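User: Could you take a close look at the charged side chains here and walk me through how they pair up? I'd like one connected account rather than a list.

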Amino acid sequence: MAVKKGDLVRAVREKLENSLEAQASDPRFPPYLFETKGEVVDAKGDYVLVKFGYFGHHRAQIV
């Protein structure tokens, strides 16, 4: 699923915890990451910058 700037997304715990990125960094994720939605601030190629803490309507999902 392609996401673009302004999309609202959510983090999927199971996918994030088992990702290569998670294995390469601190495995302790803050609760707000999974309890709130995030807004895509920037997107380039396969990477997106997401600002979490949004409580609005859900429009997309990070997979």
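Analyst: Let's start with D26, which forms a salt bridge with R28, and the closest N and O atoms of that pair are 2.7 Å apart. As for exposure, D26 counts as partly exposed at 39% relative accessibility, while R28 is exposed at 67%. Keep in mind that this is a predicted model. The general idea behind such pairs is simple: side chains of opposite charge can pair when their charged atoms come close.

The D26–R28 pair has company, as the structure holds three salt bridges. Another one joins E17 and R13, whose side chains meet at 3.6 Å, N to O. That distance passes because the cut-off for a salt bridge is 4 Å between the side-chain nitrogen and the carboxyl oxygen. The spacing along the chain is worth a look too: E17 and R13 sit four residues apart in helix 1, which covers residues 13–17, so about one helical turn separates them. Both ends of this bridge get the partly exposed label, with E17 at 39% relative accessibility and R13 at a relative accessible area of 37%.

R13 has a second thing going on. Besides its bridge to E17, R13 lies over the face of F34, at 4.0 Å from the ring centre. F34 itself is buried, with a relative accessible area of 19%; it gets that label because the limit for buried is under 20%.

From F34 we can step across to the aromatic side of things. The count comes to one aromatic pair. It is made by F29 and F34, with ring centres 6.0 Å apart and planes at 90°, so this is an edge-to-face arrangement. F29 is partly exposed, at a relative accessible area of 24%. So F34 has R13 over its face and F29 as its edge-to-face partner.

That leaves the bridge between K4 and D7, where the closest N and O atoms are 3.5 Å apart. The two ends differ in exposure: K4 counts as exposed at 55% relative accessibility, whereas D7 is buried, with a relative accessible area of 12%. D7 is found in the segment before strand 1, which spans 8–9. There's also a backbone link between these two residues, as the backbone nitrogen of K4 lies 2.9 Å from a polar atom of the D7 side chain. In other words, the side chain of D7 meets K4 through a salt bridge and also has a polar atom 2.9 Å from the K4 backbone nitrogen.

Notes. Residues numbered from 1 in each chain as written. Predicted model: local features only at pLDDT ≥ 70, side-chain atom pairs only at ≥ 80, totals over all residues. Heavy atoms only, no water. Helix = DSSP H or I, 4+ residues; strand = E, 2+ residues; numbered from the N terminus. Buried < 20%, exposed > 50% of the residue type's maximum accessible area, 1.4 Å probe, protein only. Polar contact = N/O pair within 3.5 Å; in protein donor to acceptor, adjacent residues only side chain to side chain. Phe/Tyr/Trp six-rings, centres within 6.5 Å; stacked < 30°, edge-to-face > 60°. Lys NZ or Arg CZ within 6 Å of the ring centre and 35° of its normal.
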